[in-house]
Amino acid sequence: MDIVTTSGDYLTYDTPLLVYSMWQDEATSDHITTLFEAEDWSGEFKTTLLIYPRGTLTTRRLLLIGLGQRAELTPDRLCEVAATAAQKAQELKVAKYSFYVKPDSTLSTVVYAQAIAEGSILGLYSFLAHKTDLTTLNQHAIRTLTILASQTDEQLERGVRIGESIARGVTLARDLVNGPGNHITPAKLGETAHELEQAFNLDVTVMGLDELRAQGFGGILAVGQGSSQPPRFIVMEHGATLKDAPTICLVGKGITFDTGGISIKPAENMDAMKSDMGGAAAVFGTMRAISTLKLPLHVVGLVSAAENMPSSTAYKPGDIITTLSGKTVEVLNTDAEGRIVLADALFYAQRYNPDAIIDLATLTGAVVVALGHHAMGMMSNSDDLVQRLTQAGDLTGERVWRMPLWDEYKKLMDSDVADVKNTGGRPGGALSAAGFLSHFVGDYPWTHLDIAGVAMTDQPVKAYQQKGATGAGVRLLVEALHTWTTT
Ligand code: BES
Ligand code: MN
Ligand code: ZN
């Protein structure tokens, strides 16, 4: 779907479908309010009313959509409104439709246009890569969304491009997470990085077995050794030539399928473990978005990609491995593999002397028990980073919730026979996992985001989400990085 902006009068604009948003209980003398009975529809948030104006307006169909209370409008809520409108447009099978931008918004033009573009694209997302008959779907696909304003300006256009860039980043992340383990392998993630290099001007390095062995990526190699799909370590760099720009490392867990390995998981719901590269997907999506937005920052995306399988070559409970940092890890449970592949990536990040390291990982079932599906667990050694991410979370609706990173949790990971062990018992499982990771970040400002509860959903709560992958992390990170360029 293309998104264009144009100026015009909504009363005389010729379109198959015009979307017109209204505040709750809005009292205007507007022509549109004469087309329906106020007691039938009040403009409550996300509710719609379809009207056939039959000549009193030029548009063939008029879709009223509620913005809710004026004081409650946020970019995230406007995203939902846009997504709802887009889905109605799709039901109506129109090839194109228009969204009218009212001049009395409480949001700035850029933010407003961004939310409309972002919400519309995300609301229409579906994962069709493995459907073989797309004829009817293609026949009724929406080709164009026109954002109509009484006066267009550069701000409106800029907002649309930002929203589009972010949404394409999110849909990339969703495609990768929805993609099954037999298609999305570590090698495929490497290829995806090279595709981004071609299209978006990133500097990409993909390391395979030989390189990982030569450099001593003992964590990634151990986790990947049970699979016939060899592991990869992926580096994607944006803005490397920018002098004086802050350097931020984004690190993603890329377990393309997590069987648990020798400490094998139960069969029930194991299919969901195709999403165990959700952290990596968020890094890919973010890199795509920030490169199209040309953010004046040095951002390094690092992804540890491996498949965790049980086999005669697999790593075993009791094994002791030497990670890239030189620190040794006693493996007590091969299902606690994410922290092991992250150990190498987090240590690798230190070579950039970064201003911040942020890792994203579907790391523990414990965080799902603690927070459910509505927030990421956040552990950090930096109050500044926590503040940035919390703010970005509130704005985008991708909420984060800080949990403690105390020395006691780090201590839980002491091993009798190696430097650390990879499990610290069930109590506080998400916290001891973060304690483990903290052994590998040095003194750098660092935040760990455990996204196990939010990478996938069975019951979408936002209009711009569907069942399956959410693309969680992309909107959050892009927002945080975007404000970094100004503060
Ligand atoms: N990938 C899983 C965590 C997970 C669970 C993600 C549920 C999404 C939904 C991770 O590798 C794992 O298996 N963690 C173990 C750690 C334990 C063995 C210490 C867990 O949480 O049970
Ligand atoms: Mn696991
Ligand atoms: Zn895992």
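Here is a walk through the two metal sites and the nonpolar cores of this structure. This is a predicted model, in which local features need pLDDT of at least 70 and side-chain atom pairs count only at pLDDT 80 or more, while totals for chains, interfaces and linings use all residues. Residues are numbered from 1 along each chain as its sequence is written, chains are lettered from A and ligands numbered from 1 in the order in which they are written, and side-chain values use heavy atoms, with hydrogens and water left out.

Let's start with the zinc ion (ligand 3). Lys-253 (NZ), Asp-258 (OD), Asp-276 (OD) and Glu-337 (OE) coordinate it at 2.0 to 2.4 Å. Donors here are N, O and S atoms within 2.8 Å of the metal (3.2 Å for Na, K and Ca), and since water is not among the atoms, sites may look incomplete. The six donor atoms subtend angles of 78 to 175°, which makes the arrangement around the zinc ion octahedral (six donors, opposite ones over 155 degrees apart and all others between 65 and 115; a set that fits neither this nor the four-donor classes is irregular). Along the chain, the zinc donors are spaced K-x4-D-x17-D-x60-E. The pair Lys-253, in strand β9 (residues 247-258), and Glu-337, in the loop between β12 (328-330) and α9 (338-349), links parts 84 residues apart. Strands (E, at least two residues) and helices (H or I, at least four) are DSSP runs numbered from the N terminus. Lys-253 counts as buried at 1% relative accessibility, and so does Glu-337 at 0%; buried means under 20% relative accessible area, exposed over 50%, and partly exposed in between (1.4 Å probe, protein chains only).

Next door is the manganese ion (ligand 2), 3.1 Å from the zinc ion and bridged to it by Asp-258. Its donors come from Asp-258 (OD), Asp-335 (O and OD) and Glu-337 (OE), at 2.0 to 2.2 Å. Six donor atoms surround the manganese ion too, but their angles of 70 to 167° make the arrangement irregular. Asp-258 is buried at 3%, whereas Asp-335 is partly exposed at 23%.

Now for the nonpolar packing. The largest nonpolar core has 96 residues, and Leu-250, Phe-284 and Leu-481 are among those with the most contacts inside it. Such a core is a set of buried Ala, Val, Leu, Ile, Met, Phe, Trp, Tyr and Cys residues joined through side-chain atoms within 4.5 Å. Helix α4 (residues 154-178) gives the largest share of this core, ten residues. Another core, of 41 residues, lies apart from it and includes Ile-220 and Ile-255.

Key: Tetrahedral: all angles 85-135°; square planar, octahedral: opposite > 155°, others 65-115°.
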